[in-house]
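Let's walk through a protein model together, one question at a time. Keep the picture open while you read.

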Amino acid sequence: MRVRTIFMITTGLILLLLLAACAGGTTPESTVQPTTAPEEEPTAEPIPEPTTEPTEAPTEEPVAETEEVDLTALTVTPWQWISFTSPVEQFEVEMPESYLLTFNEDGTLSVMADCNNANGSYTADDSSLTIAIGPMTMAACPEGSRSDQFVQLLGGAAIYFFEDGNLFIDLMADGGTIRFQPSASADDEQAMGGLLPEDLVAQLDTFLQSQVYFEGGDPAGAAPGVVLLVDTPDGRYLEATGVADMEDGTPVQVDDILQIGSNTKSMVIVLLMQLVEEGVLDLDDTLSQWLPEQAAIVPNADQITIRQMAMHTAGIHDYEEGIITQGLADPARLQAAYTPAEIVEFAMAEGGPDFSPGEEGQWKYSNTGYILLGMIIETATGESLDDLLQSRIFDPLGLESAVLIEDVPQEGEITTKGYMWTEDGERLDTTDWNGSQGWAAGSVAMTAEDLATYGQALAAGEYFQNPETLTEVLTFNQDALDSGFPYSMGLIDFVGDGTVWGHGGATPGFQSLWYTDPEEGFVVVGLTNSGTYSALSFLNVLNILEGNGAQPFGPTAMLPGQLIGTIWAWEQFITPAGADGIDEAAGLVILINRDGSVTVSSTNCGQALGTYTSSGMGNIEFDIDASSQTCAADSQAGQLVGYLNEVTSWSFNNGKLLVELPADSGTMVFKYVEF
């Protein structure tokens, strides 16, 4: 039994880059036992209220019950900072909408301080108020920003009161008074951009439904459950369809937590660049400087730099073939735990360097390099990768669903099943894949909304103190274009000009993709619970946003470095009278290119060339010249061209391409051909 491997690059394609890790080789049996589940944090025991010994009979002075404080007035709305008054200064805030304070009913709060965000907690009674500010992003705001001042003032809160609908917070030791006004109401927020235009929503709905897999379909082109988020200046789309569990039919939800695979890599890069800003390490430091034990077994360790590992130009052999894919059908190997050091040892024993470090024109994706980067980060800080992600990436933005999975997933770490299909069509439940096999290369899980929030913060530079840091992160290597697209440090350029970027991720049971165009202000996130589906299909949403509608392209055809279009093999012809299968040996395929050209090929009848136009799913026209075909018009090859010249509509369905003839006279079913 062979597992369908969508993670490998073949003939220059890049599906492998969606990895958290995957593929095929011979794996030595791991001697490491799966780590035990992390202990749950102890629940604090309620503190009993102190009592005093009565000096008189207790019936004379019954103790009054403490009334619960009503904090509705605080939590009813976000608050905009509008002014500050103290004995030494007074000012009006120039941009109140950039400074928001939100009190939550559970005692937590969130702060937007110009270009930064923070979370914290508060305690309050009828008049007193204390605020504790927690993790905060570190972006360098424009000159004149009051970001730091706002956060510092909040930390001095002592008393609050309301007057004329405004909130006033007096600071300790007569430090001054902060004045707030209510932010826009929920109705106003929706009017400013809560809903996308109806026609755009309809296109997104149609596309989302077209990506759902059910029995009998092609799992390479559809997934059991799909979550799609599109956030634009005009509004947000967040929907889910399909199932979280194929056994019991539990529907997938928009707030489900799914593994995001190699999207972990950009988070590792954020940590790395923060340490560069802090002077802890340098991108040109060598592997041997930080990890002498690993340097003893990694070839060229004294030449390999942190930058090269981050850019996939170090030539380090990738481990994912032997450790992950070969274990998919074996539960013991699927659940086997590895330490980062063991992964590196395995990779070095399995294969040598792919090329010399930094060799001109060379680029190859290496998950092993990111395992080493995670180890360097832990060595440099003395903290675990898990703790660093939590304190520096997740907590500052309030990404409550985000987690680094370092074992077989525990309850709540992911909330759907994960699936994979073998090449012979067998479905595997891969939910219990051990995240230690991905670690810094790809074992984070989160909701679509949290991934979008992360992507937007990264694009805004909120994680960095120096704007030049993000510029360096977004310096894409054109040498990677031969593999599908330019690549920088943990990020992919999805259109080839640096305007739309993000990353993809795959684990044995999940695929994901996110990308953003900071100038246009949109972010797209797609999550699925299939390791066989290609999340690159979510690039079709970009076609929708650009006004072109979804196009009849396979996932890799939409990449900037992919010159060959999408090959669809004619598989079936359905008419009101029944369904006829098409002889596979006839080799009847159509090649649809992004430039509007189309080629119809067959084994025995040559080729026919033409053009097509499509304004989105549901609309298509072909103009194909059959004169170069060597078979008669009534042959299957001739019929294929004749039918295509008549069609007016197309759609994706269950992983297949459906092309409709007019007047319900027939449907042509095509299967995607992977390179």
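Q: What counts as a salt bridge here?
A: Start with a general idea: side chains of opposite charge can pair when their charged atoms come close. To call such a pair a salt bridge, we ask for a side-chain nitrogen of Lys or Arg and a carboxyl oxygen of Asp or Glu. The cut-off for the two atoms is within 4 Å.

Q: How many salt bridges does that rule give?
A: Keep in mind that this is a predicted model, and that the rule is the one about nitrogen and oxygen atoms within 4 Å. By this rule, the count of salt bridges comes to 11.

Q: Which residue does Arg307 meet in a salt bridge?
A: Look for an N-to-O distance of 2.9 Å from the side chain of Arg307. That fits the rule because the cut-off is within 4 Å. The partner of Arg307 is Glu472.

Q: How many residues apart in the chain are Arg307 and Glu472?
A: Arg307 sits in helix α8, residues 306-311. Glu472 belongs to helix α16, residues 467-473. So the pair links distant parts of the chain, and the separation is 165 residues.

Q: Is Glu472 buried, partly exposed or exposed?
A: Its partner Arg307 has a relative accessible area of 29% and is partly exposed. For Glu472 the figure is 31%. Buried means under 20% and exposed means over 50%, with partly exposed in between, so Glu472 counts as partly exposed.

Q: Where in the chain is Glu278, which meets Arg392 in a salt bridge?
A: The side chains of Arg392 and Glu278 come to 2.9 Å, N to O. This pair also links distant parts of the chain, 114 residues apart. Arg392 is in helix α13 (residues 385-394), while Glu278 is in the loop between α5 (264-277) and α6 (287-290).

Q: Arg236 forms a salt bridge with Asp231: which of the two is buried?
A: The closest N and O atoms of this pair are 2.9 Å apart. Arg236 has a relative accessible area of 25%, so Arg236 is partly exposed. The other figure is 14%, which is under the 20% cut-off, so the buried one is Asp231.

Q: Which residues are linked in a network of salt bridges?
A: Here we look for a network rather than a single pair. Its members are Glu215, Glu247 and Arg427.

Q: Lys265 is buried yet has no salt bridge: how far away is the nearest side chain of opposite charge?
A: Lys265 is in helix α5. Its side chain makes polar contacts with the side chains of Ser262 (2.7 Å) and Tyr365 (3.1 Å). The nearest side chain of opposite charge is that of Asp318, and a salt bridge needs atoms within 4 Å; the distance to Asp318 is 7.5 Å.

Q: Which side chain makes a polar contact with the side chain of Asp407?
A: Asp407 is in the loop between β13 (403-404) and β14 (419-421). Asp407 is buried yet has no salt bridge, and the nearest side chain of opposite charge, Arg333, is 16 Å away. The polar contact, at 3.2 Å, is with Asn434.

Q: What is the volume of the largest cavity?
A: Searching the whole structure for cavities of 30 Å³ or more turns up four. The second largest has about 50 Å³. The largest has about 130 Å³.

Q: How many charged residues are in the lining of the largest cavity?
A: There are 15 lining residues, and the closest to the centre are Gly221, Ser537, Phe553, Trp568 and Phe652. Sorted by class, eight are nonpolar and six are polar. The number of charged residues is one.

Q: Is Phe553 buried or exposed?
A: Phe553 is found in the loop between α17 (540-545) and β21 (566-575). Its C-alpha atom is 9.6 Å from that of Leu591, 38 residues apart along the chain. The relative accessibility of Phe553 is 8%, so Phe553 counts as buried.

Key: Residues numbered from 1 in each chain as written. Predicted model: local features only at pLDDT ≥ 70, side-chain atom pairs only at ≥ 80, totals over all residues. Heavy atoms only, no water. 1 Å grid on protein atoms, 1.4 Å probe; cavity = no way out; pocket = protein on both sides within 12 Å on 5 of 7 lines; lining within 4 Å. Points joined across faces, edges and corners; volume = space filled by probe spheres on them. Nonpolar A, V, L, I, M, F, W, Y, C, P; charged D, E, K, R; others polar. Helix = DSSP H or I, 4+ residues; strand = E, 2+ residues; numbered from the N terminus. Buried < 20%, exposed > 50% of the residue type's maximum accessible area, 1.4 Å probe, protein only. Lys, Arg positive; Asp, Glu negative; His and termini not counted. Polar contact = N/O pair within 3.5 Å; in protein donor to acceptor, adjacent residues only side chain to side chain.
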